[in-house]
Each structure stands twice: as C-alpha cells, then as structure tokens.
Amino acid sequence: MKEECGVAGIILPGDRPQSNTVAFKLYYALYALQHRGQESTGIMVYDGTSSHSIKGMGLVPDVYNKDSLGHLIGNVGVGHVRYSTTGGSKIENCQPFILNFKGGAVAIAHNGNLVNARTLKDELECEGRIFISDSDTEVIGHLLVKELIRHDPIESIRNVMRKLVGSYSLVIHIDGAIYAVRDPLGLKPLCFGKVDCGYAVFSESVALDTLNGTLIRDVRPGEVIVFTGDGFESYQIGNEPHPAHCVFEFIYFARPDSIIDGKLVYKVRENIGRELAREHPIEADVVSPVPDSGITSAIGYARESGTKYLEGLMKNRYIGRTFILPGQELRETAVRLKMNAIQDNVKGKRVVLVDDSIVRGTTSRRIIDMIRRAGASEIHSRVGSPAIIAPCYLGIDMATRQELIASYKTVKEVESLINADSLGYLSIEGLMRALECDRSDMCLGCLTGEYPVEIPGENCIRKQTRLDDFDNKPKSP
C-alpha cells in the first residue's frame, strides 16, 4: 500500500521577500514527509511579484540541491511529495500544480483522491478548458481559477468544495497568501503551527518538529484557513456531525512521532499491540515485529503479554524499489535484500510476528518462510489491523477486491496460505479501543466495504456532505 502525497506550505513576514529561507525550510519539511510519497516532488515560492519553482521525479535529496534552492527567492511557498493514485507517475503530474490566469497565478498541493474527478474533468473539457496532466489536482485548479475570476478566494474555495466528492487536504497559494483546506470529513490529515515569526501547514506534525516549530492544532474537517504575513483567519465551511478520518494513517502511513487529530500515532500503535495481545494471546518465547511499521505494535504486544521483545528481522533502509525484478527467484532475492532474519534471535523459538496489515499475503508468506528457514519452531502472525476486504477510493493505492486475500478467504485459509501456525487480526472494536474513539469518526471503508462518501457500485453509510451557508466572515481561530 502507498499513501498518495504529503503537502507543505510556509509563509514568513513580508519583510523577507528576497530571502531563500522559505525554500530551504520547505526542503527540510518535505524530507520529513518523504514517507508519504517517493515518486516526485516540487517546491514553489513567491517573491511578491512572480513565482519560482523546481519540480522533479524522484526523492527529495535527488531533486534539489543547495544551488537550485538558493535561487528560489520569496517569503511564501508551497511544497509537495507525491505517490500517484489518480494520474500516472510522470513529470506532468508533479505538484505543486501551477495555473496562470488573468488574475494572477495559483499553486496547489493536494493530498487525497477525488471520486468524481472524471465527471468534473469532462464538464470542464466541454467548456473548452485544456488539461496538461491526468491528475485530479489539475481538476481542482481549473475549478478554482474559474471561480476566482468572479469571486474572492474564500468564496471561490467554498464553491469548489461544493463540487468535490472524495478526500482532499489542500495547501493553496493565491496572491501572496496561503490557504489550508481540508475536506468536510477530514479524511486526510492537515495541521498548522508557528515557524520562526510565520506560519506553516503540513500533512503531519513531524515536519513542524523538523523545523523546530510549534504545533497549534489540526485543520478541522471542512475548515479553510487563510495565512498572511499578519496572522491567520479561519472559515468553517463544512458542517458534518462526525468526521471520517482515515484509519490507516494510524495503522501504517503516518510516522509514529506525528500527532494527527490530537492523537500521538505512537501511542495508538502501542495500544493496537496491547489489544492484539488481549484478543489473541499465545504461548511464545519472543515477540518480533515486521519492521518498520510493526515495531511499535510489537512493543505493545510484548508489554501486555509479558513476552520478551526481540527483533527477528532487520530491514535494509537503503534499498530502493524492486518491482522491476523479473522472475520468482529474483523477487525472492528482493525480499531478502529488503529484510533479513536474525538467526540467533529466532532459532528454536516460538515467535509472535507482529505486522501492520496483510493485503495480498505474498509478502507475509515470504517473510514467514524466511523466519522458518532461520530455525523458528513456531510462528504466530498477529496483525495490527482488521482484515482488509475492500479497496480504497480515497487516496490509498490499494489492491482490487480480487487481489485482497481476506476478501475471499477465511482466517484459516489465510493462515495456511501465509504458512503461519496461527493468525490473529485485530478486531474493529479493538482498533477503536486503541484509537480511543467511536467508529463513526473514522473511515473504515477498506475494512467494512461501507464508505463515508457516495462511490458508484459501493455502499455509502453517510448522507450527502453539507456545507454551511457562506457568510464571508471568519470564525474563531
């Protein structure tokens, strides 16, 4: 599974328009958000009269260097790291997406996925608008520019939000100001805080930590916040009684040191491990994680069960993507290249192996086989998420139903396929206890097959998203 994107925006006081400070801060922030997207990255800064940008395919340290960043002058900027869900992996889809129109220029960084992007794009093309990418972000850009010709930015954003169905956390630059926008259900994370004498908006709080900033709070579901050199104002556009935060941010995607929607991800994952130990106890000698995303939950499992925590696998953190390797033998080599068993830690032992999730089951089988070859006497798989039975349409590059092993196999059948002595998934109720929240506040579509927005051919558990009547007055920040 892959998350789609990480977004970033920084604005510093207007007396620094000739500085490259914002560009370098965005660079370090995107480095901290690299786990959210590894295909491409971009930075745009604005100097008060014109914008300057760098975009490229690849990782953050590969796209930028000291000299190129030094030429990005301006006191406000937007950044992005991308993994594609809607739109292919190519430079045309690299963000921030910049559109020029007679009122100026707009730059948009987007995390999420629009369910109705194809319909909206068809309508815009019928009006004569030309697209240069196949990204849903460009759809948002054209809709926004169309509104900005007639309305002020806040009302324009509100009118665009009325048309969008799906998930979106947006950082938008318009005429020297930064606008933070979160969809009415809060599906994707977005937070903001203080950096130096200015403000910053990021997908995760770890980017603020990297810049020695101070977290103020999360952007609320359905909220639009405008940041200028003088401060910020909040406009509450959405009016949903319950959010629908993506549960996999807490299970897998977000860094464990991030605070998302008021919850420390590390604590949630430790709680997941504790709940797993309560729901699926087993006599064992060691508890071992599948690194890296299983580590914190394995610690929780070990503490709750009283079983010794010991790493049985070591991850090679310097390996790139290996999907180009042909043939079964080379694919097996790729698994060993990414991860290796620590033989002395598992030989002759009963091992509880804690992982964040099982999607297709193929990787789980290879890892378990690796530990068996290292001499483990028993391997008991414990999974920190409920069984994934349905695809995600809202920003996660997840397999189809036919590829999701739990959608058509029982727990015992999955257990046999991955070659485990036993298998235990965390229940949805256990997951909610770990999150310390009600299930009505989370998006569980991939776990239940019921989604918080209308998706053709799928079950919807929410009514149409409602937006407040727009009164053009800021709410309490």
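Visitor: Accessible areas come from the Shrake-Rupley method with a 1.4 Å probe, and for residues only the protein chains shown count as cover; what area does the protein chain expose?

Guide: This is a predicted model, in which local features need pLDDT of at least 70 and side-chain atom pairs count only at pLDDT 80 or more, while totals for chains, interfaces and linings use all residues. Residues are numbered from 1 along each chain as its sequence is written, and side-chain values use heavy atoms, with hydrogens and water left out. Carbon and sulfur atoms supply 49% of the exposed area, and the total for the protein chain is about 19,300 Å².

Visitor: What is the radius of gyration of the protein chain?

Guide: The protein chain has 16 helices and 28 strands (DSSP runs numbered from the N terminus, H or I of at least four residues for helices and E of at least two for strands). The globule rule (2.2 Å times the number of residues to the power 0.38, with the radius taken over C-alpha atoms) gives 23 Å for 477 residues, and the protein chain is close to this, so it is as compact as a globular protein of that length, with a radius of gyration of 23 Å.

Visitor: Which elements do the buried residues of helix H4 pack against?

Guide: Buried here means under 20% relative accessible area, with exposed over 50% and partly exposed in between (1.4 Å probe, protein chains only), and in H4, residues 117–126, the buried residues are Ala 117, Leu 120, Lys 121 and Leu 124. They cover an arc of only 100° around the axis (from the directions from the helix axis to the C-beta atoms), which puts them on the same side of H4. Their packing partners, by contact (heavy atoms within 4.5 Å), are strand E7 (104–114) and helix H5 (136–148).

Visitor: Which residues does Val 139 touch, not counting those up to four places away in sequence?

Guide: Val 139 lies in helix H5, and at 1% relative accessibility Val 139 counts as buried. Helix H5 is one of the elements against which the buried residues of H4 pack, and the residues touched by Val 139 are Ala 117, Leu 120, Lys 121, Leu 124 and Phe 131.

Visitor: Where does Ile 149 lie, and which residues is Ile 149 in contact with, leaving aside its neighbours within four places in sequence?

Guide: Ile 149 lies in the loop between H5 and helix H6 (153–161), and at 47% relative accessibility Ile 149 counts as partly exposed. Beyond those sequence neighbours, Ile 149 is in contact with Phe 101 and Lys 102.

Methods
Accessible areas come from the Shrake-Rupley method with a 1.4 Å probe; for residues, only the protein chains shown count as cover.
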